[in-house]
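Subject: Structure handover

Hi,

Here is the structure for you to look over. My notes on it come straight after.

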Amino acid sequence: MNKVLAYLGMALLVISCADLSKKEGVKVSNAEELQSAIAEAQPGTEIIMANGIWENIQIEFSGKGTAQAPIVLKAETKGEVIISGKSSLKFGGDYLTVEGLYFKNGYTPDDAVVRFKIDNKTIGYHCTLSNCVIEDFSNPDKRHKDHWVEFWGRHNQLDHCYIAGKANEGPTVRVYLAGNENIYNYHQIINNHFGPRPRKGGPKAETIQCGDSYTSMNPSYAKVANNLFERCNGEVEIISNKSNFNEYRNNVFFECEGSLVLRHGNFCTIDGNFFIGNDNNDFAGGVRLINGGHWITNNYFYKIKGNEFRSPLAIMNGVHKSPLNRYNQVTDAVVAYNTWVDCPSPWQISVGANMSQSDVLPPSEIRSARPIRTIVANNIIFNHNQDALPVKAYDEVDGILFANNVINNQGETNIPYEGIASADLKMEEKAPWLFVPAQGQEDLLSDIYNGFEFEKITTDILGNSRSNSTIIGAVANTIPNPESILDKSLYGTDWFTQKGASAGTEINVSAGELKDRLKEAKEGDILVLTDEVYELTESLVIDKIITIQSNDKAKKAVVKYNGVAESPAFLMYPKGDLTLKNIVVKGNKAQYAMATKKMDMAGPYYLDIRNTAFEDFAYVLKAYKSSFADSITFTETDFSNCENGIDLSAEIDDKGDYNVEVLTVENCHFNNVKSNVINFYRGGYDESTIGGVLKLNNSTFTGCGAKEVSGTLVKSRGIVNVDIFNNTFKNNKVKLVALLWGAKNNNYGDNSIENSGKIVVEDNLKLKLVY
């Protein structure tokens with residue numbers, strides 16, 4: 001009997017404990033109730049935030065849950081709890097989980113939207129942010145630096161989230177390693193969808209940064225796995241590794257203008273990732289290798305067309321006795337069992353070698369330490385079209401062992417390195433972007449190089465066992481359903497869907513109603529000007545995708561702007577996207593045709609100007625500091641009798657920033673534009689950006705530059721990519737047509753120059769160091 005009572009008591013105790021660990025949900029409807037519920041929470045407590053907009057709320061989620069009974073804070077309905085305004089979330093304690101929140105229409109008042117730390121004494125351990133969305137939650141001031149997720153502590157996790165649209169300075173996700181409580185952290189960043197991050201026009205715009213320069217020798221052991229990175233274009237580094245022993249596994253990088261960069265730190269693994277580009281983007285990158293002890297295995301690269309810092313595989317030169325924030329020599333690295341398909345110059349060795357610039361750069365910037373003790377083995381390169389230079393070396397290649405690599409370069413067999421064999425390798429298309437070796441070619445691919453610890457490479461890119469396969473390259477076995485790799489529904493939340501672009505409709509607009517019709521217009525609408533003349537006295541605000549065009553291409557409508565001095569006819573807001581077609585825009589010498597807002601320009605804008613004329617303006621385009629255009633295009637457009645033309649030179653702090661990514665001027669005519677005809681400026685020596693693009697082709701410049709103080713007609717100082725071709729320069733009162741940067745991608749040719757100075761190339765342009 002006593003035994004029965006004892007067993008009954010134990011059973012009741014177990015049931016009681018189970019009940020304690022599964023407390024009923026506590027529903028809260030305002031900040032006060034939420035704070036009280038958090039303060040009272042016990043292991044197993046579930047706090048439910050009521051549906052609705054929670055504006056200007058700073059949540060400090062603290063408590064002590066357990067592995068079996070975490071404390072959970074979640075939305076009443078996933079996606080219907082909107083965190084907006086000046087809001088943030090901080091974790092502090094153990095085993096805390098947040099689920100289902102939607103951060104939008106706001107920004108953090110602190111340095112992070114989500115932080116796994118409340119203060120230096122209250123840090124998160126074993127905490128999780130799951131199934132949440134952070135979308136367009138950028139500080140209005142592009143220069144304000146913050147992060148959307150900050151990792152501190154140990155064993156914290158970001159999973160099944162959708163995060164997209166960060167436009168201001170700072171990595172989207174940042175892992176900190178300062179202090180013993182933050183090393184050996186084993187953080188998990190898994191199963192997320194990192195949606196588009198717009199170009200920033202300068203450095204400090206990574207999607208993920210694991211560590212920083214000054215803690216880069218600390219052990220981290222973070223894992224970034226099974227994520228989709230979609231068009232993450234903030235800067236040259238999508239992921240910037242800056243700590244030791246991290247893993248980057250089974251991620252998909254889809255049409256991203258950047259690379260997975262092992263910037264600092266050692267002994268990291270990059271395994272099983274897909275890097276997918278296309279024919280239309282020359283800036284998509286792959287893997288950039290720096291420092292020692294890294295293993296790059298089982299990765300697949302398709303149409304990655306970036307060069308140098310963005311090349312499909314960039315193995316860099318380092319700096320001798322490098323300081324922590326520069327480039328350490330590549331040593332003891334392994335690049336094995338990878339596949340490159342249709343990637344121009346896929347292997348680029350000693351990238352960044354810059355010994356020729358020693359007269360303008362300090363020793364800490366001279367990258368002359370070549371890679372050593374590095375193995376490149378068992379890889380496949382396949383090209384549908386012959387590649388003139390599949391292996392591109394910027395220095396001597398004497399520290400790399402090439403072993404059992406196979407290339408099909410469509411008949412070109414002159415590969416100047418042993419260990420890279422040309423072969424008639426056949427590849428089978430499994431998806432429009434996926435090619436794998438066809439069956440029956442084992443004799444070409446089975447001469448495996450077995451280096452030290454290569455036996456640890458036991459699986460291929462999808463985890464299939466290599467035990468029964470002797471096939472080199474990323475794919476050892478058949479992929480049953482390759483289309484699923486790009487299935488967005490398999491990444492991120494189970495409730496959020498990206499919005500598609502709207503089609504838009506045509507709206508006829510008569511004189512006197514342009515401003516009202518623009519305000520009422522929806523995204524993508526086309527305003528058709530049906531009258532001859534439109535008088536404006538106030539700026540037209542462009543804060544959406546909009547087209548304004550004449551009803552008759554042969555007879556352009558005239559927009560006369562008579563607003564106050566130094567105000568623009570078209571005022572560009574963040575995300576404003578303006579297309580002008582077949583119109584004439586006239587001022588009275590005191591106003592601007594187009595200009596950005598002077599403040600709060602965190603998002604990029606877009607301009608597409610076609611068959612249009614600008615007359616009698618103080619500026620045709622005036623960009624202010626911290627504004628940034630993704631692309632500006634002028635085609636078949638006339639600029640006449642203006643004091644200034646296209647002025648994109650406001651970023652004068654020399655921090656590597658600039659005002660537009662791609663400026664295109666084609667088939668245009670400039671007549672009597674007195675200064676700043678084209679002024680595109682980037683100050684500061686920095687390799688972490690595309691560096692700006694200027695395309696100037698088939699245009700004429702007549703009688704321009706009369707008041708140009710610099711003596712240069714087309715100014716592009718510090719811009720990395722410049723093409724000036726097939727233009728005519730006649731009777732322009734300047735000393736130089738252009739000053740080009742010889743060490744970068746600045747090119748010109750087939751220009752007609754008469755009484756307009758000349759084009760000069762300066763090989764090593766002197767610029768202030770960003771760092």
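Below is what I found, taken region by region.

**Confidence**

Keep in mind that this is a predicted model. The mean pLDDT of the chain is 93, and 96% of the residues reach at least 70. Residues 1-22 are another matter: their pLDDT is below 50. That stretch makes four contacts in the model beyond near neighbours in sequence.

**The ten-stranded sheet**

Ten strands make up an open sheet with parallel pairing. The order runs β47-β48-β51-β54-β57-β60-β62-β64-β67-β70. At the edges sit β47 (506-509) and β70 (745-749), each paired on one side only. On average, neighbouring strands here are turned by 10° against each other, ignoring direction.

Start at the β47 edge. Four bridges link β47 in parallel to strand β48, residues 525-529. Across that pair, V509 faces L529 of β48.

Now go to β64, which spans residues 693-697. This strand is mostly covered, with four of its five residues buried. On one pairing, β64 runs parallel to β62 (residues 660-666) through five bridges. T664 stands opposite K695 of β64 there. Another five bridges join β64 to β67 (residues 721-725), again in parallel. In this pairing K695 stands opposite D723 of β67. K695 is therefore a handy marker for tracing the register: look for T664 and D723. As background, strands of a sheet pair through backbone hydrogen bonds, in either a parallel or an antiparallel way.

**Helix α2 and the loop after it**

Helix α2 covers residues 31-40. Its buried residues are L34, A37 and I38. They lie on the same side of α2, because they cover an arc of only 100° around the axis. The general rule fits in here: an α-helix has 3.6 residues a turn, so residues three or four places apart point the same way. What do the buried residues of α2 pack against? The partners are β1 (26-28), β2 (46-49), β3 (52-55), β4 (58-64) and β5 (71-75). The face turned away from the buried side carries exposed residues: E32, Q35, A39 and E40.

The N-terminal end of α2 is capped by N30. A side-chain oxygen of N30 lies 3.1 Å from the backbone nitrogen of E32.

T45 sits in the loop between α2 and β2. T45 counts as buried because its relative accessibility is 5%, under the 20% cut-off. A polar atom of the T45 side chain lies 2.9 Å from the backbone oxygen of Q42.

**Single residues to inspect**

R174 belongs to strand β18, residues 173-175. Is R174 buried or exposed? It is buried, with a relative accessible area of 6%. The side chains of R174 and D212 are joined by a polar contact of 3.1 Å. Beyond neighbours within four places in sequence, R174 is in contact with H147, V149, E150, F151, Q209, G211 and D212.

M427 lies in strand β45, residues 427-431. M427 is buried at 13% relative accessibility. Leaving out residues up to four places away in sequence, M427 touches T339, V341, F382, F435, V436, P437 and A438. For a distance check, take M427 and H294: their C-alpha atoms are 29 Å apart, with their positions 133 residues apart along the chain.

Y417 is in the loop between β43 (405-408) and β44 (420-422). Not counting residues up to four places away in sequence, Y417 touches V391, A393, V397 and F402. The C-alpha atoms of Y417 and L401 are separated by 9.4 Å, and the two are 16 residues apart along the chain.

**Positive phi**

Two non-glycine residues are worth a look for their backbone. D136 has a positive phi, near 50°. D136 lies in the loop between β14 (133-135) and β15 (147-151). D136 is partly exposed, at a relative accessible area of 33%. S350 also has a positive phi, near 60°. S350 is found in strand β37, residues 347-351. S350 counts as buried, with 0% relative accessibility.

Best wishes

Note on methods. Residues are numbered from 1 along each chain as its sequence is written. This is a predicted model: local features need pLDDT of at least 70, side-chain atom pairs count only at pLDDT 80 or more; totals for chains, interfaces and linings use all residues. Side-chain values use heavy atoms; hydrogens and water are left out. pLDDT is the predictor's confidence in each residue, from 0 to 100. Contact means heavy atoms within 4.5 Å. Two strands pair if DSSP finds at least two bridges between them. Helices (H or I, at least four residues) and strands (E, at least two) are DSSP runs, numbered from the N terminus. Axes are lines fitted to C-alpha atoms, for helices over the stretch in contact, and angles run from 0 to 180 degrees between N-to-C directions. Buried means under 20% relative accessible area, exposed over 50%, partly exposed in between (1.4 Å probe, protein chains only). The arc is that of the directions from the helix axis to the C-beta atoms. A polar contact is a pair of N or O atoms within 3.5 Å; within protein, one must be able to donate a hydrogen and the other to accept it, and residues adjacent in sequence count only if both atoms are side-chain atoms.
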